[in-house]
Amino acid sequence: MTVFDEATAVTRRSEGIYDTAPDPRFALIAPGGATPPAVNGGALLATVLRAVLDGSPHPYPVATNASFLRVPQLAPAEVQVSWLKRGRTAATARATLIQDGQPVLDTTVTTGTLPAAPAASAGGAAAGCLAAGSSAGGSPADGADHGEGAEGAGSGASPGLEWTGVRPAFPDLADCIDLGQWPGAVAADGSAGFPAHVEVLLDPACTGWRSNDPAGIPEMRGYVQLRDHRDPDALLLALAVDALPPVVFGLGATGWAPTVELTWHMRAVPVAGPLQVAARSRHVSGGWFDEEAEVWDAAGRLVAQSRQLARVGRGRLRTLANGTAGAAGSPRSAVSG
């Protein structure tokens with residue numbers, strides 16, 4: 001069992017109630033400092049999804065909407081799961097992570113089925129746009145099943161309709177830069193948080209902010225995998241969509257950029273190998289920014305998508321590469337304070 005599996009474990013106490021605890025090994029800032037030791041939002045999502053999948057009639061979280069309401073404490077918590085619908089094609093649950101009687105993370109999760117992952121293919125990874133096995137996978141759901149009371153109406157849907165947009169360009173893994181540790185990530189006793197357990201290898205074109213030379217483009221690209229490697233699955237996809245530094249670092253922003261709302265979709269079952277994640281923003285204004293991400297597997301298949309709304313960090317503004325002032329460190333936690 002990996003550290004990630006231990007950190008996101010849940011224990012069923014009774015029907016719809018699970019015991020857990022946010023784990024300091026996935027905190028972005030180690031306990032004991034002036035900054036709250038906020039646990040990465042993807043790790044929190046994975047914890048909640050474990051509880052949902054334990055009682056789901058379907059194996060995969062095909063759609064998850066999450067509101068981050070409070071910074072979790074490194075203390076016992078519980079996940080409450082209630083099922084809103086249990087259908088043959090899809091099932092929907094509301095799941096809430098609760099501490100001291102208050103909701104910390106509130107989610108709505110729809111589970112369903114997806115096609116089995118193929119063997120990894122170097123040719124597929126280079127193709128960029130695949131004709132088969134790369135679109136929104138799963139049991140093809142016809143449009144009627146999206147409406148109320150339309151159970152089991154998917155038998156007339158065409159199973160052959162598949163299409164995927166062009167895959168972003170990723171550099172070779174060997175050419176990427178390990179994000180590594182950041183100030184505050186290691187506690188005084190030597191215990192380490194998120195960067196000690198998650199390997200984030202960034203495209204060098206997206207790392208100018210590390211040397212106070214941000215590119216002026218709100219984008220991040222790179223590879224994500226656990227340092228104690230295991231094959232990616234739905235839970236690692238939940239981690240991956242929130243694993244890269246905030247895209248606004250490319251605009252000169254610094255400081256904690258807490259996510260307020262995040263929605264992600266699982267599109268296919270990933271093959272073994274590191275996940276490739278590309279994120280960008282379309283609009284930054286008034287202290288808010290959006291961030292949309294795509295996750296591709298080692299076979300070049302789109303396996304997850306996400307979109308989130310977050311606050312711009314309150315740190316100083318870096319000067320952009322063109323010499324102009326930037327916009328508003330440690331990488332983002334997807335929780336709000």
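What is the volume of the largest cavity? About 50 Å³. Keep in mind, as you explore, that this is a predicted model.

**Stop 1: the largest cavity**

Select Ala7, Thr8, Ala21, Pro22, Asp23, Phe26, Val39, Ala43, Leu44 and Thr47, and you will see the lining of the largest cavity. Sorted by class, these are seven nonpolar, two polar and one charged residues. Now colour helix α2 (residues 41-54): with three residues, helix α2 gives the most to this lining.

**Stop 2: a salt bridge at the lining**

Stay with Asp23, one of the lining residues, and add Arg25. The two form a salt bridge, with their closest N and O atoms 2.9 Å apart. Is Asp23 buried or exposed? Asp23 is buried, with a relative accessible area of 13%, while Arg25 counts as partly exposed at 26% relative accessibility.

**Stop 3: the nonpolar core**

Next, pick Phe26, Trp264 and Val295. These are the residues with the most contacts inside the largest nonpolar core, which has 70 residues. Helix α2 returns here, since the largest share of this core, eight residues, comes from α2. In soluble globular proteins, nonpolar side chains tend to be buried together.

Zoom in on Val295. Leaving aside residues up to four places away in sequence, Val295 touches ten you can click through: Leu237, Ala240, Val241, Leu275, Gln276, Val277, Arg301, Leu302, Val303 and Ala304. Another core, of seven residues, lies apart from the largest one; among its members are Cys176, Leu201, Ala278 and Leu302.

**Stop 4: the second largest cavity**

Select Asp178, Leu179, Gly180, Trp182, Phe194, Pro195, Val198, Val200 and Arg227 to show the lining of the second largest cavity. This cavity holds about 30 Å³ of space. Its lining divides into six nonpolar, one polar and two charged residues. Both α4 (194-197) and β8 (198-202) supply at least two residues each.

**Stop 5: more charged pairs**

Side chains of opposite charge can pair when their charged atoms come close. The whole structure has 17 salt bridges. Try Glu78 and Arg13, whose side chains meet at 2.7 Å, N to O. Glu78 lies in strand β4 (residues 77-86) and Arg13 in strand β1 (residues 11-14), so the pair ties together parts that are 65 residues apart in sequence. Glu78 is buried, with a relative accessible area of 17%.

Then move to Arg12 and Glu15, which also meet in a salt bridge (2.7 Å, N to O). Arg12 counts as partly exposed at 47% relative accessibility, and Glu15 as exposed at 64%.

Definitions and conventions
Residues are numbered from 1 along each chain as its sequence is written. This is a predicted model: local features need pLDDT of at least 70, side-chain atom pairs count only at pLDDT 80 or more; totals for chains, interfaces and linings use all residues. Side-chain values use heavy atoms; hydrogens and water are left out. On a 1 Å grid over the protein atoms alone, a cavity is a set of points where a 1.4 Å probe fits but cannot get out, and a pocket is an open set with protein on both sides within 12 Å along at least five of seven lines; lining residues have an atom within 4 Å of a point. Grid points are joined across faces, edges and corners, and a volume is the space filled by probe spheres set on the points. Helices (H or I, at least four residues) and strands (E, at least two) are DSSP runs, numbered from the N terminus. Ala, Val, Leu, Ile, Met, Phe, Trp, Tyr, Cys and Pro count as nonpolar, Asp, Glu, Lys and Arg as charged, and the others, Gly among them, as polar. A nonpolar core is a set of buried Ala, Val, Leu, Ile, Met, Phe, Trp, Tyr and Cys residues joined through side-chain atoms within 4.5 Å. Buried means under 20% relative accessible area, exposed over 50%, partly exposed in between (1.4 Å probe, protein chains only). Contact means heavy atoms within 4.5 Å. A salt bridge is a side-chain nitrogen of Lys or Arg within 4 Å of a carboxyl oxygen of Asp or Glu.
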